[in-house]
Amino acid sequence: MRRGGWLSVSDSPDVGGQGFPTIIAAAVSQMFLAGNQAFLMYPGLTHGAARLVEDFFQHPLRDLILEKMYNGAWTGTMCLTEPGAGSDVGALKTSARKNPDGTYSITGTKCFISAGDHNLTENIIHPVLARIEGDPPGTKGISIFVVPKIRINPDGSLGEPNDVVTGGIESKMGIHGNATCTLNFGENGKCIGWLMVEEREGMKVMFHLILAI
Ligand SMILES: Cc1cc2nc3c(=O)[nH]c(=O)nc-3n(C[C@H](O)[C@H](O)[C@H](O)COP(=O)(O)OP(=O)(O)OC[C@H]3O[C@@H](n4cnc5c(N)ncnc54)[C@H](O)[C@@H]3O)c2cc1C
């Protein structure tokens, strides 16, 4: 899938895509879906998460992360659901505390995270919904963060693990070919994330990911 460039069929060649019309990407996606839906969730979520990075993330590492995701070297997820916050996303408890260097320390548990952990690729980029300490309750107070499984050094090389620990593989009906995980962020107080876009814009922005899968 990586060698054929199938992850980014209709994305701009400027970011490593093939530049085809969206209708071609939709047709390609249908074929892969018919072949193996469980597997397609890995590149699908990667594409959605990469699109968020492309459209919203302003950071010196943005282009590197984009290249790695659009060519499939790294995968992506979407981290909304928590044990006490499913349909009611606004009840989430995952929190973010600002650090002096502008990064955020992330703490919380997400569940049912499709493609949440695996060894298909050397890194995983998690867009994570969390509430910055002191922000209002409910969906209006939710922000979105870019949280790598493995930390990325300023030169683009990979650093130490980012304290994103797999609590378990979910027991669920169907889609057993995809690793749907419980993920614990910051169990040891060492999970660092970057704010993806302005504070409290998390819900609005996460919908862009879902549309771009
Ligand atoms: C295979 C699979 C993959 C998933 N992948 C991801 C993922 O990648 N990332 C992620 O963040 N999440 C993922 N999820 C989680 C998914 O988004 C949640 O399951 C979903 O949001 C529902 O939450 P819940 O399971 O807690 O159910 P609940 O919210 O507890 O709902 C249980 C039942 O109550 C009903 N209900 C809930 N609220 C109301 C209400 N106000 N009025 C009436 N009825 C109501 C619901 O319709 C449902 O029938 C995945 C789930 C599955 C099954």
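## Two residues with positive phi

With 13 C-beta neighbours inside 10 Å, Ile175 counts as partly exposed in this predicted model, and its place is the loop that joins strand 8 (164–169) to strand 9 (181–185). Most residues other than glycine have a negative phi. Ile175, although not a glycine, has a positive phi of about 50°.

Phe112 is likewise a non-glycine residue with a positive phi, here about 55°, but Phe112 belongs to a strand, namely strand 3 (residues 104–113). Phe112 is partly exposed, because 17 other C-beta atoms lie within 10 Å, and a residue must have 20 or more such neighbours to be called buried.

## Surroundings of the ligand

Phe112 appears again at the ligand, where it is one of the residues that come nearest, together with Leu80, Gly86, Ser87 and Ser114, out of the 13 residues around the ligand. By residue class, the shell around the ligand is made up of 6 nonpolar, 6 polar and 1 charged.

## Packing of helix 2 and helix 4

Two packed helices are described by the angle between their axes and the distance between the axes. For helix 2 (residues 37–56) and helix 4 (residues 202–212), the angle is about 135° and the axes are 7 Å apart. That makes helix 2 oblique to helix 4, because angles count as roughly antiparallel when they are over 145 degrees and as roughly perpendicular from 65 to 115. The crossing in which helix 2 passes helix 4 is right-handed.

On the side of helix 2, the residues that meet helix 4 are His47, Gly48, Ala49, Arg51, Leu52, Asp55 and Phe56, and their partners in helix 4 are Val205, His208, Leu209, Ile210 and Ala212. Sorted by class, the residues of this contact of helix 2 with helix 4 comprise 7 nonpolar, 3 polar and 2 charged.

## Ile152 and its contacts

Ile152 is found in strand 6 (residues 150–152), and Ile152 counts as buried because 20 other C-beta atoms lie within 10 Å, the threshold for that class being 20 or more. When its neighbours within four places in sequence are left aside, Ile152 is in contact with Leu61, Leu158 and Gly159.

Ala96 gives a further point of reference for the position of Ile152: these two residues stand 56 residues apart along the chain, and their C-alpha atoms are separated by 19 Å.

How values were computed: Residues numbered from 1 in each chain as written. Predicted model: local features only at pLDDT ≥ 70, side-chain atom pairs only at ≥ 80, totals over all residues. Axes fitted to C-alpha atoms, helices over the stretch in contact; angles between N-to-C directions. Helix = DSSP H or I, 4+ residues; strand = E, 2+ residues; numbered from the N terminus. Parallel < 35°, antiparallel > 145°, perpendicular 65-115°, else oblique. Left-handed = near helix turned anticlockwise from the far one by under 90°. Contact = placed C-beta atoms within 7 Å. Nonpolar A, V, L, I, M, F, W, Y, C, P; charged D, E, K, R; others polar. Near = placed C-beta within 6 Å. Buried ≥ 20, exposed ≤ 12 C-beta atoms within 10 Å, placed from the backbone.
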